[in-house]
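I opened a notebook for this structure and wrote down what I looked up, entry by entry.

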Amino acid sequence: MQDAYLVAGLRTAIGKAKKGGFRNTRSDDLAVTVIQELVRQVPGLEPRQVDDVIVGTAVPEAEQGLQMARWIALRSLGIEVPGVTINRYCGSGLEAIALASAKISSGMADCIVAGGAESMSLVPTMGWKTAPNYSLADEHAEYFLGMGLTAEEVAREYHITREESDAFAFQSHQRALAAMAAGYFGEEIVPVQVQEVTVEKDRRIARHYVVSTDEGPRSDTSMEALSKLPPVFRQEGQVTAGNSSQTSDGAAFVVLLSDAMVKKLNVKPWARLLTCVSAGVHPRIMGMGPVEAVPRALQRAGLKLHDVGIIELNEAFACQALAVMRSLDLDPDRVNPNGGAVALGHPLGCTGAILTLKAIREARRRKERYALVTACIGGGQGIAGIYEVFS
Amino acid sequence: MKRIIQRVAVLGAGVMGSRIACHFANIGVPVLLLDRPADAVPEMPDPAEQRNRLVNESLQAALRSKPSPLFTAKRSRFITTGNFSDDLPRIAECDWVIEAVVERAEVKSALYEQVERFRKPGTLISSNTSSIPIHLLAQGRSDDFQQHFCGTHFFNPPRYLRLLEIIPTPQTRADVVDFLMHYGDVFLGKETVRCKDTPAFIANRIGVYSVMHIFHLTEELGLTIDEVDFLTGPLIGRPKSATYRTADVIGLDTLANVARFVYASCPNDEARQRFVVPAWLDQLIGNQWLGDKSGQGFYRKEKQNGKTVYPSLDLPALQYSLKAKPAFATADAIRRAGNPGEALQCAVSGTDKAGEFYRRFFYGLFSYVSHRIPEISDELFWVDAAMNAGFGWQQGPFAAWDAIGLRRAVEGMQQEQYAPAPWVEDLLRQGHDSFYRWGNNAKQYYDVSVRSYRPVPGSESFLLLEDRSGHVVWRNSGCRLIDLGDGVVNLEWQTKMNTIGGEVLEGVNQAIALAERDFAGLVISNQGENFSAGANLALILMLAAEQDFDELERACRMFQQTSLRIRYSAVPVVIAPHQLTLGGGCEFTLHADAVVAAAETYMGLVEVGVGIIPAGGGTKELAVRAADAVEVGLPELPVLQRFFTLAAMGKVSTSALEAMEMGLLRQGVDRYCLNAKRLLAEAKHQVLELVRRGYTKPRPREDIRVPGRSVLAALFAGIEAMVFGRYASEHDRLIARKLAYVMCGGDLSVATPVSEQYLLDLEREAFLSLVTTRKSMERMQSILQTGKPLRN
């Protein structure tokens, strides 16, 4: 067994789906931009030394189909470099890193680029052809509830009020804005040169512009504005556009190296993944997935909750995040100190990799040794990964 | 001179202007809608947007109003907005400029001066004024302007109110008048009525006389407001809002203003005193009790014990109170009458106070309209047409007079001290005894100027079933098959709400059999208020309550076979629906060889509301249309979902155009007709057209590719989301799942071609499993008893 180390990580800015800077940009293009810059940032690493590229994506079809990781690897690193696309929905980005870590640890590889990419602008969340299994849908149609309704179910079962959700959402924006103002995200974002061709008033317009700032956080939001939004999934429900994660576009990747490779290149490791586990819960309350996954991860890592200084908990929905925090008794000051998906956005399969970057960087800032990344997953799962961070 | 209207300008975006613009958008003509430029507001950065603020806000208000002025939301793309300062030059691109600004002559004149600067010679220019004499507005304008200038008086709301008054001046070119009369009728779907340029034109002159006459009669006979509304509503073929409710809607101040206007402008009107505003009406206006716009008028909306009630005003105390339902022996007699003519005869022969009221009301009205010929119109039929289209009177005054009996009414008038105009006496002296008659296969009217009968122009395009009641080929208790001539027959039914029961099913089958034997083709249409409210629910509920499965199954099968018969007949069957076309009425329509719908057709499969699925072939037909819309190889779900939702949500189109967007009408096969009065003639024409093209009986379908279980699973998931989102009840879920099952062809492993009969069997099975459930029966009961759907 050898250790696997994260030595670098980058992401695109998180674009607002359908209206933001990446609304016409494919996620494989975003991934290529990130990976090319990422490999440049590891001194001495030749693109062809990368053994594999693992790309997590939640809807691997249409623009994200054709086994997109292969084409990302080919374009960004060279024809000899292979790629594999994996899918664990919202856990995909973290799962990709876990697979990379496991492969290196078991001696199957020395250098892997892993992360996730998602365009929610171009590929619909349910895919273009939704075809659930009939016997399952016949007997358990509730397994296939939309995510918003699962959040309503969580809010009802865990007694989260609309006001609490809105307050959480407001705080997420405030924290994200503060982090942006402090320049916390600047170093991890690769500016993307967007090239798009559109037609306006019968004229073909080719536009070039750079996207380098997260588009989600709103400085003009307020408790009052949030409280006025109507529920969108359930009549007299509490889940609104304001207290849900935003739909987004983005790509994020890290480089993992074996011990030997770290020594050879003489780079300073950031962190290593101690463990990463997934667990199942009832699909109707999929948001509670982390409650099952986190204790199992702590146990495998031989740690207690209080050992973990930073927690990145994906905010699929404010009420869901609150219910998880209460059930696990998480310290609110350690959870998402720089805002979460409600403010910054949630590009599904990419999110696990974004949270990894946020967790490791914040732990380094705070000189914390352990950081936890966890997310709930549609279909009723949770994923939790624990990093040991080197300051 | 040939004219094509490719673009219209509407000047003034008030209530009328913006809605007139919307109606041109409805018929697909691009409109330029202009109003005054707005003052600068600093928070709007775009100067053009800033200056168009007034017109844009006004248009948005119109678009939001209910019922919508547009056939479908998409039609708003036909409207461009602008303002008088920046955009008047663009009227040079328009073929017709319609002015609808504030009713002040100097404002209109100043605007016309601007219009003259940019208007291309030959462009139509018209005013929507309701009160300013058209010839005064034309004064001072160029010759070309005056020759192309005319009054075009739309009624509010222009999409729904059928009357369009065309008022030429002596300078207006004849071809301009002819063009507007024709365009308004065929393109805009209006009843175009040619008026003389006299105060309040035709409809408002007679309408306001009628209202004021009734106001005075109320006082003179000591009747209550409730009694008068009871007597002047549907009982005698007038709208439900009758007299005083209508006044509340119009606004008491507006009404009084028109009355005063007529009084002042018509010094020689023999009934001028009837236009004097009663003191109590002035008092109401003084109190600001102006009707709906101020919350109270003749009626006031109140909540009592959680129920909304409408107490009416007591005259002369001017207090509101709830009153018992009015009862008159004459009213009972009217109700028992067999036809509208007999009903009016009963009305004027009553011996109670109601009879007295009717005599004075009708005889006064008859006298008044007879004296208006030739003052407001040379031809008497325009008066009837205007009152029918503008005020919803089933029979105009001359038609009503005929119904009572011309001679008999004249005798009655003499006893009540009302005198008919001398030309009426002259007509009687000539030995005639009606204003209208049939001659040479056409409807004729008595032309006062030549003292003889002439055909009502255009009546060949306005086929009326009532006029052809002498040509009944076959009938049963609910249906009549009428020969329309040229080898085409029409089946109509006249059941309550035009619902479909056993007699109608028999009628359709018999009509097709007879058409196959003796005629070229069949039209199914009627000229009642609605085409059909659906299947006869009372019958279904009765069988369901008795758990009579055999009879239910037989009835359902019969309905399905009748729908199939409509599709698979040896002669073309054209269905011409109008207004409500729901449930079974919609199912029949879906099976026609071609549909010619009225533009105002409100179509939908609403069966879920009564706890069942469409089972007269409607669900089958949705599956067929979905299958035909799916390209093999592409996902079926989005298309299936669209058609499934139509029935699962009981969606009803708000226009024929929307029915086309929804897929209930077929592009390129079905069409719609703007003027409902032309509907039957158009449908007949469509039958002949299908015959001419060489109609052959279609082959039953065996190639309907239903998607099977994958799509069914996705629909189940979608239904569950509706339940969890609390938009659907448990019973809704049961119904929706059955509906989805039929539409997907059941739980087939993969997409499979099936026959219509296969789908009909699934449809019938699903219907039978739902119809006897307690909750479905409760839903039917609720509709039957309260008219309101029950969500259980």
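Where is the place of B:Leu221 in chain B? I found B:Leu221 in helix 9 of chain B, residues 203-221. I note here that the model is a predicted one.

**Entry: B:Leu221**

I asked whether B:Leu221 is buried or partly exposed. B:Leu221 has 15 C-beta neighbours inside 10 Å, so I put it down as partly exposed. I then looked up its contacts, leaving aside neighbours within four places in sequence, and found B:Lys353, B:Glu356 and B:Phe357. I also checked B:Leu221 against B:Val750: the two are 529 residues apart in sequence, and their C-alpha atoms are 77 Å apart in space.

**Entry: helices 15 and 16 of chain B**

I looked up how helix 15 (residues 340-349) and helix 16 (residues 353-371) of chain B are placed. Their axes come within 6 Å and cross at roughly 110 degrees. Angles of 65 to 115 degrees count as roughly perpendicular, so helix 15 of chain B is roughly perpendicular to helix 16 of chain B. On the side of helix 15 I listed B:Ala347, B:Val348 and B:Ser349; on the side of helix 16 they meet B:Gly355, B:Tyr358, B:Arg359 and B:Phe362. By class, I wrote down four nonpolar, two polar and one charged for this contact.

**Entry: helices 30 and 31 of chain B**

For helix 30 (residues 730-743) and helix 31 of chain B, I found axes that come within 9 Å and cross at roughly 170 degrees. Helix 30 of chain B is therefore roughly antiparallel to helix 31 of chain B. Helix 30 brings B:Ile735, B:Lys738, B:Tyr741 and B:Val742 to the contact, and among the residues of helix 31 are B:Leu759, B:Leu762 and B:Ala766. I recorded seven nonpolar, one polar and two charged residues in this contact.

**Entry: helix 22 of chain B**

Which residues of helix 22 of chain B are buried? In this helix, residues 537-545, I found B:Leu537, B:Ile540, B:Leu541 and B:Ala544 buried. Seen down the axis of helix 22 of chain B, the buried residues fall within an arc of 100 degrees, so they line one face of the helix. I looked up what they pack against, and found helix 23 (549-567), helix 31 (756-771) and helix 32 (774-786) of chain B. Just after helix 22 of chain B, I noted B:Gln547 with a positive phi of about 55 degrees.

**Entry: other positive phi values**

B:Phe201 is not a glycine, yet its phi is positive, at about 55 degrees. I placed B:Phe201 in the loop between strand 8 (191-194) and helix 9 of chain B. With 26 other C-beta atoms within 10 Å, B:Phe201 is buried.

B:Gln288, also a residue other than glycine, has a positive phi near 65 degrees. Its place is the loop between helix 13 (279-286) and strand 9 (302-304) of chain B. I counted B:Gln288 as partly exposed because it has 13 C-beta neighbours inside 10 Å.

**Entry: cis peptide bonds**

I noted a cis peptide bond between B:Lys66 and B:Pro67, with omega about -10 degrees. B:Pro67 is in the loop between helix 3 (53-64) and strand 3 (79-83) of chain B. I noted another cis peptide bond between B:Asn156 and B:Pro157, with omega about -5 degrees. The loop that holds B:Pro157 runs between strand 6 (149-154) and strand 7 (163-168) of chain B.

**Entry: B:Ser127**

I found B:Ser127 in strand 5 of chain B, residues 124-127. B:Ser127 has 26 other C-beta atoms within 10 Å, so it is buried. Not counting residues up to four places away in sequence, B:Ser127 touches B:Glu99, B:Lys108, B:Ile134, B:Leu137 and B:Gly151. From B:Ser127 to B:His153 I noted 26 residues in sequence and 7.3 Å in space, C-alpha to C-alpha.

**Entry: the nonpolar core**

How many residues has the largest nonpolar core? I found 389 residues, and those with the most contacts inside this core include A:Ala114, A:Phe253, A:Ala371, B:Leu522 and B:Met743. I followed A:Ala371 further: leaving aside neighbours within four places in sequence, its contacts include A:Val308, A:Ile310, A:Ile360, A:Tyr387 and A:Val389.

Key. Residues numbered from 1 in each chain as written. Chains lettered and ligands numbered in written order. Predicted model: local features only at pLDDT ≥ 70, side-chain atom pairs only at ≥ 80, totals over all residues. Core = buried A, V, L, I, M, F, W, Y, C linked by C-beta atoms within 7 Å. Buried ≥ 20, exposed ≤ 12 C-beta atoms within 10 Å, placed from the backbone. Contact = placed C-beta atoms within 7 Å. Helix = DSSP H or I, 4+ residues; strand = E, 2+ residues; numbered from the N terminus. Arc of directions from axis to C-beta. Axes fitted to C-alpha atoms, helices over the stretch in contact; angles between N-to-C directions. Parallel < 35°, antiparallel > 145°, perpendicular 65-115°, else oblique. Nonpolar A, V, L, I, M, F, W, Y, C, P; charged D, E, K, R; others polar.
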